[in-house]
Amino acid sequence: MTDKETKRPPDDEEDLGISRLPLCREPWENFYILRRGIMPCCYGNPIIGRMSEFAETWNSPKLQEIRRYLSQRKLSPYCLESLGCPIVQRVLAEKSKGSSAQAISPPRRPYILRLINRIFFGIPKKIWVGLKKQ
């Protein structure tokens, strides 16, 4: 049977758009204004602007650069300086394992397994992860 006969979407459409999401959405959704300065995320280390300049900093070139990298599913130089971030840690761990460059794609499971997991509210995945740990 082909994909058309089973009415199943091709592999490119099975990720439900996850591969098109930015690596991190924090710089689009939040803004951390502290006395010491402004940061694009809670793990941010270098200050990108002064507290009194919050309106100008929201679309500053530095923040636009961070967003551009993240929208391409890559880490910006700013993010690479923020080693406390769990996303940075995950990407660096993937790179050390010898996977592809900085672009991270979500793991792919067969369609039927994802469907079964969704029908049973994620319980099969929890069981599988528990068995893998043993």
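Me: Is Trp-58 buried, partly exposed or exposed in this model, and at what relative accessible area?
Reply: The model is predicted, and the value for Trp-58 is computed from its atoms. Buried would require under 20% relative accessible area and exposed over 50%. Trp-58 falls in between and therefore counts as partly exposed, with a relative accessible area of 30%.

Me: Which residue forms an aromatic pair with Trp-58, and is the pair stacked or edge-to-face?
Reply: A search of the whole structure finds one aromatic pair. The two rings lie 5.0 Å apart, centre to centre, with 90° between their planes. Planes over 60 degrees apart count as edge-to-face, so the pair that Trp-58 forms is edge-to-face, and its partner is Phe-31.

Me: How many residues apart are the two members of this pair, and where does each of them lie?
Reply: Phe-31 lies in the loop between helix H1 (26-29) and strand E1 (32-34), whereas Trp-58 lies in the loop between helix H2 (54-57) and helix H3 (61-71). Phe-31 is partly exposed, with a relative accessible area of 22%. The pair links distant parts of the chain, its members being 27 residues apart.

Me: Which residue lies over the face of Trp-58, and at what distance from the ring centre?
Reply: For a charge to sit over a ring, CZ of Arg has to be within 6 Å of the ring centre and within 35 degrees of the ring normal. The residue that lies over the face of Trp-58 is Arg-67, at 4.6 Å from the ring centre.

Me: Which backbone oxygen does the side chain of Ser-60 reach, and at what distance?
Reply: Ser-60 lies in the loop between H2 and H3. With a relative accessible area of 12%, Ser-60 is under the 20% limit and is therefore buried. Its side chain makes a contact at 3.1 Å, and the backbone oxygen reached is that of Thr-57.

Me: Which residue forms a salt bridge with Arg-50, and how far apart are the closest N and O atoms?
Reply: A search of the whole structure finds two salt bridges. Arg-50, in the loop between E2 and H2, is exposed, with a relative accessible area of 53%. The partner counts as partly exposed at 31% relative accessibility. The closest N and O atoms of this bridge are 3.0 Å apart, and the partner of Arg-50 is Glu-53.

Me: Which residue forms a salt bridge with Arg-25?
Reply: Arg-25 has a relative accessible area of 46%, which is not over 50%, and therefore counts as partly exposed. In its salt bridge the closest N and O atoms are 3.0 Å apart, and the partner is Glu-29.

Me: How far apart in space, C-alpha to C-alpha, are Arg-36 and Arg-50?
Reply: Arg-36 has its place in the loop between E1 and strand E2 (37-39), and is exposed, with a relative accessible area of 58%. In sequence, Arg-36 and Arg-50 are 14 residues apart. In space their C-alpha to C-alpha distance is 7.4 Å.

Me: Is Arg-73 buried or exposed, and what is its phi?
Reply: Arg-73 lies in the loop between H3 and helix H4 (77-81). At 12% relative accessibility, Arg-73 is under the 20% limit and so counts as buried. Although Arg-73 is not a glycine, its phi is positive, at about 60°.

Me: Is Phe-121 buried or exposed, and what is its phi?
Reply: Phe-121 lies in the loop between H6 and H7. At 72% relative accessibility, Phe-121 is over the 50% limit and so counts as exposed. Phe-121 is not a glycine either, yet its phi is positive, at about 55°.

Me: Which helix gives the most to the nonpolar surface patch, and with how many residues?
Reply: The patch, of about 1100 Å², is made by residues including Ile-119, Phe-121 and Trp-128. Ile-119 is found in helix H6. Helix H6 (111-119) and helix H7 (123-133) each supply at least two residues of the patch. The helix that gives the most, with five residues, is H7.

Me: How many helices and strands are there in the chain?
Reply: From the N terminus on, the elements run α-β-β-α-α-α-α-α-α. Buried residues make up 26% of the 134 residues in the chain. The chain holds seven helices and two strands.

Key:
Residues are numbered from 1 along each chain as its sequence is written. This is a predicted model: local features need pLDDT of at least 70, side-chain atom pairs count only at pLDDT 80 or more; totals for chains, interfaces and linings use all residues. Side-chain values use heavy atoms; hydrogens and water are left out. Rings of Phe, Tyr and Trp (its six-membered ring) pair if their centres lie within 6.5 Å; planes under 30 degrees apart count as stacked, over 60 as edge-to-face and the rest as tilted. Helices (H or I, at least four residues) and strands (E, at least two) are DSSP runs, numbered from the N terminus. Buried means under 20% relative accessible area, exposed over 50%, partly exposed in between (1.4 Å probe, protein chains only). A polar contact is a pair of N or O atoms within 3.5 Å; within protein, one must be able to donate a hydrogen and the other to accept it, and residues adjacent in sequence count only if both atoms are side-chain atoms. Patches are made of residues with over 30% relative accessible area and no salt bridge: like charges are joined within 9 Å, nonpolar side chains (Val, Leu, Ile, Met, Phe, Trp, Tyr) within 5 Å. Accessible areas come from the Shrake-Rupley method with a 1.4 Å probe; for residues, only the protein chains shown count as cover. A salt bridge is a side-chain nitrogen of Lys or Arg within 4 Å of a carboxyl oxygen of Asp or Glu.
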